[in-house]
Each structure stands twice: as structure tokens, then as C-alpha cells.
Amino acid sequence: MPAFVIGVGKTRFGPSGHDIPYLAQEAMAEALTDAGIGVADLGALIVANFLGGPNEHQLHLNSVVAGLMPGVRLPSWRVEAACASGAAAIHQAVALLGTYDPILVIGVERLSGLPGAVLTRNIGMAGDVVLDQAQGLNFPASYALVAQRHMQRYGTTTRDFELVSLKNHANAQLNPKAHFHLKRVTQADIDAGATVASPLRLFDCCPVSDGAAAAVISATASDGRSVPVLGSAIRSDAISLSQREDHTTFPAAREAAEDAYRKAGISSADVSFAEVHDCFTIAEIVAMEDLGLAEPGYATGMVRDGQTAIGGSVPINPSGGLKAGGHAIGATGVGQVYEAVTQLRGEAGQRQVAGAEIAVTHNVGGVGGTCAVHVLGRPS
Ligand code: COA
């Protein structure tokens, strides 16, 4: 069945004084206005969220969002796949279009305001609690292992990580909805960053962001701004790094990408730009290789040559990515689709990727335990 994104909305990602209903309402209102419909026109609602329970002591978020739609009783439920919750919800909406149409997907998360240690423990639930977290392998430490292995095998350097960070912070300055939109990051800032988990330092890490993003998915294009979803795929893997053979690649991402490309009838050579899950700078390098945008060990060459900048041959994370655009966990995968749609419509302003025809989004849960990949095309 064909699928189109007929409307998108997004709050700014970053520290916010607002609660989950407020954030969801803002993204929802923008998406419905963009689609030119009201809540009474919707067929179903899917809410993506990861930490509503532990952080906010609020679960049952589909009903929380339903409270924003007085008198409308939609089929609705919540999707949770850690940091991949948003794209998992988009995938589910695409798959359910024969049953419900249109489907509103809202990703929402509140992370700020908690002590760092509590937040690190809660985010750690995206990884294996018994085999990894209990042994001290929190999230930055897990990605530090990925970084160390990539450096050993391919000669990747910490300078490569810095180049990813500088590029994504420069892009975020062009994105008014980015966490670090107002922050100009220089080499001196990066040099001053404390070590978080060696070799990863402060500017190798995504921040913790609040935010929401929304997308309206339909089997019918509503107008000339509707963006076709050409391919949608999701794969899972063992949650613990101790159960993986190779820490330089995420097989779930590779297989989801192959499936999404097959459904879209494209190859990686056709990709104009990608929004990838750079929760840590090494993750952007691994993502490029898993998506087939570079051979294993060769993404760093593209980074060094500037090919991943907005004016380069394959721009990566024109939004600023998770690193500088922000990572509002349950909202991130929907936020990536927001960026892809905005770019493909030619509405991205200063950060516009010229001539963008095919966009790929890549949203990872845990340390490669889940990955959802979407291929979107230009409106016709
Ligand atoms: N990159 C750049 N600057 C950052 C930053 C980041 N990731 N995180 C925080 N900062 C900045 C803040 O803006 C603040 O700057 P200011 O003093 O100019 O206002 C300063 O650093 C201190 O902020 P604070 O929130 O106290 O930082 P922290 O030391 O408590 O947390 C990290 C830093 C890296 C530990 C935290 O951002 C983190 O845990 N990130 C990873 C989150 C994660 O694992 N998500 C899931 C991944 S899949």
C-alpha cells in the first residue's frame, strides 16, 4: 500500500519548562495544520515514548494525548523501542494503513530536570540491565567500546569524531529547532570538553533534550507537498553487547537498510542525504557504513573530505543530528522524518540540501538492539 507523510510538526528540542501534554500538543497542532486536517479526521493515534514512567511517573501516554482531543475517541496506543521508539511508531503506522487512515504519530519525551546519575540509570534501561549496566557499562561506556574497536580495526581517530561534532554543531546553528541552535562551537570548546568515557568526550555525546515531533501518515497524497514513504523497515538484535560478534557494525541497521532500499527500489548510491542516529559521534560513522553510504572503514575518509557537510556529496544530519539538534529520545525518530520531509519539500531554509531527491532516516534503539530505516522521496 502506498504511504505518504501529509503533515509534520516539531517543537524545538532542548531544555523546556513544559510537560509532556504541552509538548505533544505543540507538535500535534503544527502537524495537523500542515496536513490541513483536524483531529476529527484522524483514523488512529500512535504515541512513541521511552521514559515517561521512570522520569515523569506518567505512563498510558496515548490516553494523555487523547485528553488533548476532547470528544474524539480514536483507536490509540503507545510504542516503546528505547531510542528507536519514534521510527518504530512510524513503521507501524505505515504497516497499518489498510486498517486506519490517516494515522497521527506523536513522539514525545521529557528528560531535563533530573539529577545526571538518575537520568544515566534510566537511559541505561535501553541496554541490557543484567549483562551490561550492572557491570558498569552505561551508555557512553558502551559507545566508547564501539569507538575503541573501530579505531583498532580501521585506524579511525579522535580527530574524526571532532570533525563529526563540528559539522553537526555548524548545521544546528542553521536549524531554529535544534538544541544547540544558539551555541557556536569552536575547536577550543571541543578541546576543553571533559572525558565522558574514553575516547569519548563531552562534544562526542548527544545532550539530553525535551521535545516532541509529529507526523500524519496516509495512503493518499493530500497535495503537492505530501512526501512519499518509499521504504520502511525495522530489525532487532540481541540487546547486550556481550552477545554481539562485531562491535564496529550493527547488523539490525544493515538489514533494515537493505530491506528499506529493496522496498524503495533504490540502492545506497541513490541517497541524496541522511538523518542518522549520532547519539555519539562514533555512531554517525558506524551508521554511514551500515547504511552502505561508505564501505566499512571508509566513512572517515568522507568525513575528512567534507563530503558529509550540507554542500557535500552525501550530507549527513543537516538538522544537526542528535549531537547538536538534540535527542528527545522517544521523539527523535519522528523528528528525523520531520527533517527529511522539510528538506524534500525544499523548505529547510539556510540548511537546505540542494536538489534533494531521496532521504534516508536511521533511528537506533540501545546500542544497535533495534534499528528502523525509512526512505522518503520528493513530493510529485
Ligand atoms: N554536548 C555539548 N555540550 C553539552 C552536552 C553535550 N552532549 N551536554 C551538556 N552540555 C553542556 C550544557 O549545555 C552546559 O553548558 P553551559 O554551562 O554553557 O550551560 C554544560 O555542558 C553542563 O551541562 P550538564 O547538563 O551539567 O552536563 P552533564 O555533564 O550533566 O551531562 C553528558 C553531559 C554528556 C553526560 C550528558 O549530556 C549525557 O548523558 N549525554 C548522553 C545522553 C544519552 O546517553 N542518550 C542516549 C543515547 S542513545
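## Ligand shell, pocket and cavity

Sorted by class, the shell around the ligand has twelve nonpolar, one polar and two charged residues. Keep in mind that this is a predicted model. The ligand occupies the largest pocket, and a search of the whole structure also turns up one cavity of 30 Å³ or more.

**Around the ligand**

- The ligand is surrounded by 15 residues, and the closest are Cys-83, Cys-205, Cys-206, Pro-207 and Lys-323.
- Cys-205 has a backbone N or O atom 2.7 Å from a nitrogen atom of the ligand.
- Cys-206 also takes part through its backbone, with a polar atom 2.8 Å from a ligand nitrogen.
- For Pro-207, the distance from a backbone N or O atom to a nitrogen atom of the ligand is 3.4 Å.
- On its own the ligand would expose 930 Å², and the protein buries 59% of that area.

**The largest pocket**

- How much space lies in the largest pocket? The value comes out at about 450 Å³.
- Its lining is made up of 22 residues, with Ile-123, Cys-205, Cys-206, Pro-207 and Val-208 nearest the centre of the pocket.
- Two elements give two or more residues to this lining, namely helix 5 (116-123) and helix 6 (139-154).
- Helix 5 hands over the largest share of the pocket lining, at four residues.
- Which classes make up the lining of the largest pocket? The split is 17 nonpolar, four polar and one charged.
- Cys-205, Cys-206 and Pro-207 turn up twice here: they are among the residues closest to the ligand, and they are also among those nearest the pocket centre.

**The largest cavity**

- About 140 Å³ of space lies in the largest cavity.
- The cavity is lined by 16 residues, and Lys-10, Phe-13, Glu-275, Ser-319 and Gly-335 are the closest to its centre.
- Helix 12 (321-325) and helix 13 (329-344) each put at least two residues into the cavity lining.
- Which helix gives the largest share of the lining of the largest cavity? That would be helix 13, with five residues.
- By class, the cavity lining breaks down into three nonpolar, eight polar and five charged residues.

**Side by side**

- The pocket lining has 17 nonpolar residues and one charged residue, whereas the cavity lining has three nonpolar and five charged.
- As for helices, helix 5 gives the largest share of the pocket lining, while helix 13 does that for the cavity.

Notes: Residues numbered from 1 in each chain as written. Predicted model: local features only at pLDDT ≥ 70, side-chain atom pairs only at ≥ 80, totals over all residues. Heavy atoms only, no water. Near = heavy atom within 4 Å. Polar contact = N/O pair within 3.5 Å; in protein donor to acceptor, adjacent residues only side chain to side chain. Areas by Shrake-Rupley, 256 points an atom, 1.4 Å probe, with all protein chains shown as cover. 1 Å grid on protein atoms, 1.4 Å probe; cavity = no way out; pocket = protein on both sides within 12 Å on 5 of 7 lines; lining within 4 Å. Sits in = over half its atoms within 2 Å of the grid points. Nonpolar A, V, L, I, M, F, W, Y, C, P; charged D, E, K, R; others polar. Points joined across faces, edges and corners; volume = space filled by probe spheres on them.
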